[in-house]
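Reader: I am a first-year student, and I should be grateful for a close look at a single part of this structure. Could the nonpolar core be described, together with the chain around it?

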Amino acid sequence: MRYFLGTLSDEEKARLEESYFVDDAEFEEFEIEEEELIDRYVRGELSKEESDQLEKTFARSPRLIQRVQIARVLANRLAPEKVVTVETPQPRPARVSWWQSLFGVSTGSRAPAMALGFSALLLLLGGATLLAAYLSLREQSRQLTAQQAELEHRQRLLDQQAADLKAQTDELARRFQLPSETPAPPQVTPTPQASAPVVFLTLSAGVTRSGDGSQSLRLGPETSEVQLTLNLRDTSYPSYRVTVNNADRGEVFSRDGLHPQATRLKVRVPAKHLPPGDYYVSVYGGPANESVADYAFRVTK
Amino acid sequence: MSSANSHTNEVVSDTSARGKTKWVLTQGALEKLLNSFSPKRDEAAEQYEWMRRRLVRFFEWRGVDAADEHADETMNRVARRIDEGQTIDNLKSYFYGVARMVYLEALRDREHAPMALDEAIHDLREVITQEMELDPRVVCLDRCLESLPPQNRYLIVNFYEEEKRAKIELRQELADKFHISINALRIRAHRIRVNLEECITTCLQAPAGAK
């Protein structure tokens with residue numbers, strides 16, 4: 001934050017800049033800090049000096065002005081109760097307490113003021129009831145959105161698995177002259193033919209590493225490669241790194257710079273790296289190298 | 001990649017503000033620049049974009065006007081060195097060094113033609129305090145939120161929803177729900193927000209009937 005407010009020394013400034021120039025993760029962190037500072041600015045959470053300093057920078061950049069405007073809209077839409085923008089001087093009314101303004105104690109006739117006061121009180125009570133109902137509905141709506149998102153996600157995974165299985169069945173049928181119309185059972189990844197030079201395995205995240213829940217893969221002497229198709233839950237990263245590890249947590253294979261096709265990541269692993277045993281596959285999203293998902297499988301002979 | 005190419009076209013058609021012959025970025029020089037980022041075309045284009053973003057931020061937060069133009073000028077200078085056959089060991093560091101040079105030159109230019117900053121700040125405050133109902137970004141935000149995948153929409157709405165303590169608790173709940181750390185949640189929310197902001201910018205540029 002001190003960088004953005006211009007309070008770093010030249011040396012500190014240069015050090016920070018050089019680090020975000022050479023390191024992608026540092027740069028992303030820099031952008032997040034910028035975003036959080038703009039959010040604090042539009043919510044009025046900064047001191048006047050800090051806001052004034054920021055405005056000098058904002059005023060020079062159309063991009064930053066645009067970001068400020070969007071941040072204001074976002075804050076207003078998603079957390080409307082606290083949005084405070086830049087203070088604009090306005091004439092101050094004479095100081096009157098809420099009680100005085102409600103019941104008109106200090107001005108004019110008392111009876112109409114009392115009637116007005118009780119009406120206002122009734123309105124307040126009604127408003128409070130409505131607010132409580134609104135909050136309850138909002139919570140329910142949030143829960144429903146979460147459930148819907150989860151269901152849609154599951155549906156997408158199932159669709160992908162079905163499509164993968166169909167493709168694998170067709171491929172195997174083509175190789176071994178089998179009828180390609182053989183229906184593939186849903187949600188079951190077949191153990192590939194041991195004699196195929198390339199065997200295919202589709203994995204979904206969340207399968208246990210214990211062995212019992214793992215999908216099995218049978219490799220024969222002719223098998224040269226295993227093609228892993230990994231169903232991704234998150235495809236927002238620009239590229240991915242995949243590592244295959246054995247049960248002793250030893251890395252037996254890795255590949256980076258991978259890009260998903262739709263929501264699937266495909267990687268070919270030489271069979272020589274996969275002696276019988278349990279394996280787990282880890283997927284990391286670049287450039288921050290964040291852990292995205294883990295998968296497990298077992299190799300048998 | 002499209003941005004990298006449009007940059008070439010813009011610079012080729014550019015004429016020098018100072019009246020002397022200016023080096024222009026040719027397609028060949030751009031190819032060499034991209035190649036120095038990565039021999040893979042997609043990766044190179046991606047890294048080009050990231051570098052340009054860094055340069056724009058650098059000039060903006062150093063308080064230089066027309067940050068985009070200075071970012072392009074920096075790109076051109078590096079492209080020129082590469083085109084002339086200079087070997088660069090650490091390209092990203094080299095970019096930073098060139099950006100600092102361009103910055104110092106921009107400071108000198110600013111002394112000769114200072115910007116009316118008070119007026120600009122006044123305009124900024126006016127824009128920021130305008131009635132929210134009049135802001136077309138509100139309509140665009142709603143539209144862009146709708147176009148997000150449900151999971152991303154759920155994450156971004158909840159990420160910004162509550163305030164202070166409630167916000168901290170809600171973010172922890174959210175991180176738990178997605179099986180990620182709070183920091184990973186911050187990064188993910190940031191990426192969704194970047195997309196959302198791009199969507200809003202595109203929406204604002206669309207004809208009124210299309211919004």
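Author: A residue is called buried here if 20 or more other C-beta atoms lie within 10 Å of its own C-beta atom. By that standard, 22% of the 301 residues of chain A count as buried. The model is a predicted one.

The setting of the core is best seen from the order of elements. Chain A holds six helices and eight strands, and along the sequence its pattern reads α-α-α-α-α-α-β-β-β-β-β-β-β-β. Of the contacts in chain A between residues at least 6 apart in sequence, 64% link residues at least 24 apart.

We come now to the core itself. The largest nonpolar core comprises 29 residues, and Leu201(A), Val226(A), Leu228(A), Leu230(A), Val281(A) and Val283(A) have the most contacts inside it. Two or more residues of this core are given by each of strands S1 (198–204), S3 (225–231), S4 (239–246), S6 (264–270), S7 (277–286) and S8 (290–300) of chain A. S8(A) provides the largest share, namely six residues. In soluble globular proteins, nonpolar side chains tend to be buried together.

Leu228(A) offers a closer view. Apart from neighbours within four places in sequence, Leu228(A) is in contact with Leu201(A), Leu203(A), Val267(A), Val269(A) and Val281(A). A second core, separate from the one described, has 27 residues, among them Ala29(B), Leu55(B), Phe95(B) and Ala99(B).

A helix of chain A may be set beside these strands. Helix H1 of chain A covers residues 10–22; at 1.5 Å a residue, its 13 residues should span 18 Å, and this agrees with the 18 Å between its end C-alpha atoms. Its buried residues are Glu17(A), Tyr20(A) and Phe21(A). These three lie on the same side of H1(A), because they cover an arc of only 105 degrees around the axis. An α-helix has 3.6 residues a turn, so residues three or four places apart point the same way. Glu11(A), Glu12(A) and Arg15(A), on the other side of H1(A), are exposed.

Finally, chain A also meets chain B. Here 52 residues of chain A are in contact with 48 residues of chain B. On the chain B side, at least two residues each come from helices H3 (41–61), H5 (91–112), H6 (117–128), H7 (136–147), H8 (150–159) and H10 (182–205) of chain B. By class, the side of chain B that touches chain A consists of 24 nonpolar, seven polar and 17 charged residues.

Methods
Residues numbered from 1 in each chain as written. Chains lettered and ligands numbered in written order. Predicted model: local features only at pLDDT ≥ 70, side-chain atom pairs only at ≥ 80, totals over all residues. Core = buried A, V, L, I, M, F, W, Y, C linked by C-beta atoms within 7 Å. Buried ≥ 20, exposed ≤ 12 C-beta atoms within 10 Å, placed from the backbone. Helix = DSSP H or I, 4+ residues; strand = E, 2+ residues; numbered from the N terminus. Contact = placed C-beta atoms within 7 Å. Nonpolar A, V, L, I, M, F, W, Y, C, P; charged D, E, K, R; others polar. Expected span 1.5 Å × (residues − 1). Arc of directions from axis to C-beta.
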